[in-house]
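Here are a few exercises to work through with the model open beside you. Try each task before reading its solution.

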Amino acid sequence: METTKTIINYTHRQAGHCESGATSNLFKFNGLEISEPMAFGVGNGLYFSYIPFLKIQFAPMLSFRNLPNTVFKRSTAYMGVDATVIKKIKDPVEAMERLDRNLEKGIPTGCQVGVFQLTFFPPEYRMHYNMHNLVVFGKEGNLYHVSDTVMEFPQVITYDDLLRVRYAKGAFAPQGKMYWINHTIDQPVDLKAAVILGIKKTVHEMIGIPFPLIGVKGLRWLARDIKKWPIKHGNDKASFYLGQILRMAEDFGTGGAGFRYIYGAFLKEAGELFNHHAELLEASDMMGKTANKWREFTYMGARNCKNRSKPEEDYGTLSVKLLEIAADEEKVYQKLKKINF
Amino acid sequence: MGNISDEVKDKSTGDNELIYKYNRELFYHFDKETGFTQEVDYQNPNNQVIIKQSWDAAEQRLNEVKQLVIIGKLSPIAYYMEKILMEVPMLAAYMEISGWRVRRHLKSRVFKKLNQEILARYAAIFGITIEQLTKPDFLG
């Protein structure tokens, strides 16, 4: 048994969203004060896609977030920070060795993992969900010290368990993906430029993509579909589908309301960065209100899941609410699009 | 967060007992006066109801499959696959064989003819012994 012990002086901070939390913590470790919402906003965390013909865990696929690793990749790229991403490592043993080498060099390293076999994870969340992120910051014999932003405190995990979750299979399999920031950030970063790039890209992804299942259009599509579920699939299945949507919106470390709160907080920070930019601050307020509407939507949905009385009417109300949310969100993006920085 | 918490009370499903108290998470809130705030708390009771519903549905599916295994329509692999919440493509990826072969193995007729090596691989994924795989305890 080895007795090597390397623990990097890395500060664990809890966050709403796993990847932007990890990214923000990595930035802070390297000497750049970037909050979670800032990392999330610049890295285009906000997204919406609805793919009804693809079933994940027996329910239509739905995502409130961008593809895994987008936040880290784009936020470092837009800020001009030197970072490394290894997308795929074929040999699991080699992937672990690379991680060890990084730790010896004193580099805290982010890893994509599946949560189903993640030993310290809350049992109620242990589904086959592969887009989770954590940062490994120390090794002590056979145990790795990890910072998972969903958890209140840093955790430890054994070599075998970490290897297993890094090679979980299924949709968006991690395949040993790891990422880190190469060195301490000593030059000033042009955050304003990064914010502008981030906002433009998100606006494009939410209203600019000419495909009906992505962004605000996807939201409208979902709203129309919800209405049909009780007739098409029966009460039980409709309720199960609805439950899965609400879970995607409120669980899995979204900060609540499908990341809309985090994005609102980002817009507020961006507004302050641009000398209290009135339009950005207004957009932030609008986003906050939309997020509250999302939360109302999930409460309505939860009540519906529980009672299941008069389903057609209830699903109709939910659909109307969702259309209202879609309209509100669109206004925010239109507003952001028109801003001249 | 005065307004929000009032709203929570109004719109709660009436059942405010927490089912899951393993870990406290970070949540954001928004209010016109206070702006965006963060709070560390257990998952809201409303959402816990939804989480529970999803686990109940998984249990129900497992029971349905169990009945089909008992009457001999499906093989025990179907039961254990459902038990660890997997679907055919995922199990095939873990087994490193194609999906249609896994689908074939779900038939009890084909399952009876499987060789020890394949059975051992299935058993390793399910975390059980070969005996448990071929003779699940509910079959008596």
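**Exercise 1. Trace the fold of chain B: which pattern of helices and strands does it follow along the sequence?**

Walk along the sequence and chain B reads α-β-β-α-α-α-α-α-α-α. That comes to eight helices and two strands, where helices (H or I, at least four residues) and strands (E, at least two) are DSSP runs, numbered from the N terminus. Before going on, note that this is a predicted model, where local features need pLDDT of at least 70, side-chain atom pairs count only at pLDDT 80 or more, and totals for chains, interfaces and linings use all residues. Residues are numbered from 1 along each chain as its sequence is written, while chains are lettered from A and ligands numbered from 1 in the order in which they are written.

Next, check burial. A residue is buried if 20 or more other C-beta atoms lie within 10 Å of its own, exposed if 12 or fewer, and partly exposed in between, with C-beta atoms placed from the backbone. By that count, 27% of the 140 residues of chain B are buried.

**Exercise 2. Look at helix α3 (residues 76-83) of chain B: how many of its residues are buried, and what covers them?**

Start with the count: seven of the eight residues in α3(B) are buried, so to speak a mostly covered helix. Now name them: B:Pro76, B:Ile77, B:Ala78, B:Tyr79, B:Tyr80, B:Met81 and B:Glu82. Then see what lies over them: the cover includes α2 (45-70), α4 (88-95), α5 (99-105), α6 (108-111), α7 (116-126) and α8 (130-134) of chain B. Finally, step just past the helix, where B:Leu85 takes a positive phi of about 60°.

**Exercise 3. Explain why A:Cys111 counts as buried, and find what it touches.**

First place the residue: A:Cys111 sits in strand β5 (residues 109-113) of chain A. It's buried because 23 other C-beta atoms lie within 10 Å. For its partners, use contacts (C-beta atoms, placed from the backbone, within 7 Å). Leaving out residues up to four places away in sequence, A:Cys111 touches A:Leu134, A:Val136, A:Arg166, A:Lys177 and A:Met178. Take A:Met178: A:Cys111 and A:Met178 are 67 residues apart in sequence, yet 4.4 Å apart in space, C-alpha to C-alpha.

Now follow A:Val136. With that same sequence cut-off of four places, its contacts include A:Leu99, A:Leu103, A:Pro108 and A:Cys111.

**Exercise 4. Find the residues that touch the most other members of the largest nonpolar core.**

A nonpolar core is a set of buried Ala, Val, Leu, Ile, Met, Phe, Trp, Tyr and Cys residues joined through C-beta atoms within 7 Å. The largest one has 104 residues, and the members touching the most others are A:Val136, A:Tyr261, A:Ile262, A:Tyr263, A:Phe266 and A:Leu322. Its largest share, nine residues, comes from α10(A). A second, separate core of 17 residues includes B:Val69, B:Met81, B:Val102 and B:Leu106.

**Exercise 5. Describe the side of chain A that touches chain B: which helix gives the most?**

The contact takes 38 residues from chain A and 28 residues from chain B. On the chain A side, α8 (235-250), α9 (260-273) and α10 (278-307) each supply at least two residues. The biggest giver is α10(A), with ten residues.

Notes
Contact = placed C-beta atoms within 7 Å.
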